[in-house]
Amino acid sequence: MPFLDRLQRWADQRPDGTAVVVAGQRLGWAELRDAAAALVRAAPAVTVLSERNSRHFAVAFAAAVAGERQCAVLDPAWPQHLQDGITDKIRKTVPSARPGAFPAGAFPPGVELPGVELPGVELAGVELADGPPDSPFLIGLTSGTTAVPKAFTRTRRSWQQSFDASIEFFGLSPEDKTLAPGPLAASLNLYALAECLYAGSEFHTLEHFDVGDAHAAVVHDGITRLVLVPTMLRLLSERGLSGGVDASGIRSIICAGSKLDARTLEAARRWAPNATIFEYYGAAELSFVSGAGLRPGQQRELGGTGIGKPFPGVGIRILDDDGAELPDGTDGTICVRSGMVSSGYLWGDDGHALQCFDGWYTVGDQGHLDGGTLHMLGRRSDMIITAGTNVYPHEVELALASVPGVASAVAAGLADDIRGQRVVAAVVPSHGGITATQLKAGVEHVLARTKRPLEYFALAELPLTDRGKLSRQLLLDWIAGNDPRIRRLG
């Protein structure tokens, strides 16, 4: 049961209370329930939901997972041929599936928003209820632009256990008002929507990300909780500080996607001084794994790789390649045992993306445990082997991000005839210029000598893919091609 039984409860207990707000447009608990119930009649066995943020998105998603139905949420920015390819894959891989879609923004005849009216729509016999706990309800998709992305499934029970764990860990209450300003097609924001519906807590989003609109929501809607990625947090914090936007009412900030760099953390601390800032490690296939909350005024270890303690109900082990458990402090493969793990792939499984060692699951991330705290180093495929030493770029990047004057950093392994690879790093200065000498001094007491970069570069911008992800290969391409966006530091 993901959240529909809870939706029914909140609609009965406080029908006029606010459930969802999109760009200032409100949807009450009873309105959401009734609109979703009316839409269930049109819901196919598998819904392909591909649309931008709207109140209709929330209604359609609720209807699409009613009973034993399943829903695949696609990024509407993906090209049409990619969306068509995914729909065709679902048709071929899901038993008895006839994928369909609701017209974007459309409601059944007689259903109007706001103030949902249902003249002529008979709700008797329409069941807006959760299906069996172990039945699949969500088809999750990895990001993709040209090739059809991998698809995995989740059961209703796995999300309910995720809700219980995240609500306890993050301290979500029915009094909170959550703003997730990113696209609902992204798993971070889709989960936040469903989590709030489960917890009986107000959920707010925007039609599209806009700093001014987000600030207006924080100030005028009484937002107490932010769920977003680091780049959005930096923009909101820095511009909020310069514009005098009051964020003192925010009590928690949940950041995902990458570890917060020092500049973003400092700006967020100043802009939202009463907020606990949460960072966590997880994966789409694993759900939540570990995390930590930095309370107001609490300092974080500079350049540290620690990512907190396990989430409630999660066990963590570090295993070697043969599946044997490794002792504290020894790097190996991060493996997880919990009820929140996905059910595996519908397609695209190469045998390495999600592996299982006697009930312990991994997506291939490397790290170690230290007194119960998980330290995450990155994917083995990213590892740099230099003169026989294993170096993870993530560890180097965290160290550089702690150096004053560094806004962002990226590290990679450049081919070297003697060492095999040599560690190189590039930084985006936070203001003014920065020298290689300053960078070398900044990491001297954070990184072992064998892990320190041998060359430094300054960047005009980070090397990102068209999906906004950091690309270490693109950094190497820029270096090889003397790209104007990169400059060697002496």
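What follows is an exchange between a reader and the author about a predicted model of one protein chain.

Reader: What makes this chain as compact as a globular protein of its length?

Author: Start with the make-up: the chain has 12 helices and 26 strands. Its radius of gyration is 23 Å, and the globule rule gives 23 Å for 490 residues, so the chain is as compact as a globular protein of that length. The C-alpha atoms fill a box of roughly 75 × 55 × 45 Å along the principal axes.

Reader: How many of the contacts link residues 24 or more positions apart?

Author: Among contacts with a separation of 6 or more, such pairs account for 68%. Burial adds to the picture: 56% of the 490 residues are buried.

Reader: What is the accessible surface of the chain, and what share belongs to carbon and sulfur atoms?

Author: The surface comes to about 20,700 Å², and 49% of that belongs to carbon and sulfur. As for charge, there are 45 positive and 55 negative charges. Their mean positions are 3 Å apart.

Reader: Why is Ala151 called buried?

Author: The cut-off is under 20% relative accessible area. Ala151 has 0%, so Ala151 counts as buried. The residue is found in strand 6, residues 151–155. Beyond its sequence neighbours within four places, Ala151 is in contact with Ile139, Gly140 and Leu141, and also with Gly344, Tyr345, Leu346 and Trp347.

Reader: Where is Ala151 relative to Leu193?

Author: The two are 42 residues apart in sequence. In space they are 21 Å apart, C-alpha to C-alpha.

Reader: Lys451 carries a charge that you count as positive. Why is Lys451 called buried?

Author: The same test is used: buried means under 20%. Lys451 has a relative accessible area of 17%, so Lys451 is buried. Its place is in the loop between helix 11 (436–443) and strand 25 (455–459). Not counting residues up to four places away, Lys451 touches Asn390, Val391, Glu395, Val396 and Val423.

Reader: Why is Arg379 called partly exposed?

Author: Partly exposed lies between the 20% and 50% limits. Arg379 has 36%, so Arg379 is partly exposed. This residue is found in strand 20, residues 373–379. Its contacts outside the four-place window are Val363, Gly364, Asp365, Gln366 and Tyr392. Pro393 is 14 residues away from Arg379 in sequence and 9.3 Å away in space, C-alpha to C-alpha.

Reader: Why are Asp358 and Asn482 called exposed?

Author: Exposed means over 50%. Asp358 has 72% relative accessibility, so Asp358 counts as exposed. Asn482 has 66%, so Asn482 counts as exposed.

Reader: What is the phi of Asp358 and of Asn482?

Author: Asp358 has phi near 50°, a positive value in a residue other than glycine. Asn482 has a positive phi of about 50°, although Asn482 is not a glycine. Asp358 is found in the loop between strand 17 (355–357) and strand 18 (360–362). The place of Asn482 is in the loop between helix 12 (472–480) and strand 26 (486–488).

Reader: Which residues touch the most other members of the largest nonpolar core?

Author: Phe3, Val20 and Phe61 do, in a core of 80 residues. Helix 6 (residues 187–199) gives the largest share of this core, 10 residues. A second, separate core has 25 residues, including Leu206, Val211, Cys255 and Leu260.

Reader: What does Val20 touch, beyond residues up to four places away in sequence?

Author: Val20 touches Gln25, Arg26, Leu27, Leu32, Ala58, Leu193, Leu197 and Phe203.

Reader: Why is Leu197 called buried?

Author: Leu197 has a relative accessible area of 1%, under the 20% limit, so Leu197 is buried. Leu197 lies in helix 6. With the same four-place exclusion, Leu197 touches Phe3, Arg6, Leu7, Trp10, Val20, Trp29 and Leu32. Pro95 is 102 residues from Leu197 along the chain, and their C-alpha atoms are separated by 29 Å.

Reader: Which residues of helix 9 are buried, and what covers them?

Author: In helix 9 (residues 262–271), Thr264, Leu265, Ala267, Ala268, Arg269 and Trp271 are buried. Their cover includes helix 7 (211–220), helix 8 (230–243), strand 9 (225–228), strand 11 (276–283) and strand 12 (287–294).

Terms used: Residues are numbered from 1 along each chain as its sequence is written. This is a predicted model: local features need pLDDT of at least 70, side-chain atom pairs count only at pLDDT 80 or more; totals for chains, interfaces and linings use all residues. Side-chain values use heavy atoms; hydrogens and water are left out. A nonpolar core is a set of buried Ala, Val, Leu, Ile, Met, Phe, Trp, Tyr and Cys residues joined through side-chain atoms within 4.5 Å. Buried means under 20% relative accessible area, exposed over 50%, partly exposed in between (1.4 Å probe, protein chains only). Helices (H or I, at least four residues) and strands (E, at least two) are DSSP runs, numbered from the N terminus. Contact means heavy atoms within 4.5 Å. The radius of gyration is taken over C-alpha atoms; the globule rule is 2.2 Å times the number of residues to the power 0.38. Accessible areas come from the Shrake-Rupley method with a 1.4 Å probe; for residues, only the protein chains shown count as cover. The place of a charge is taken as NZ of Lys, CZ of Arg, CG of Asp or CD of Glu.
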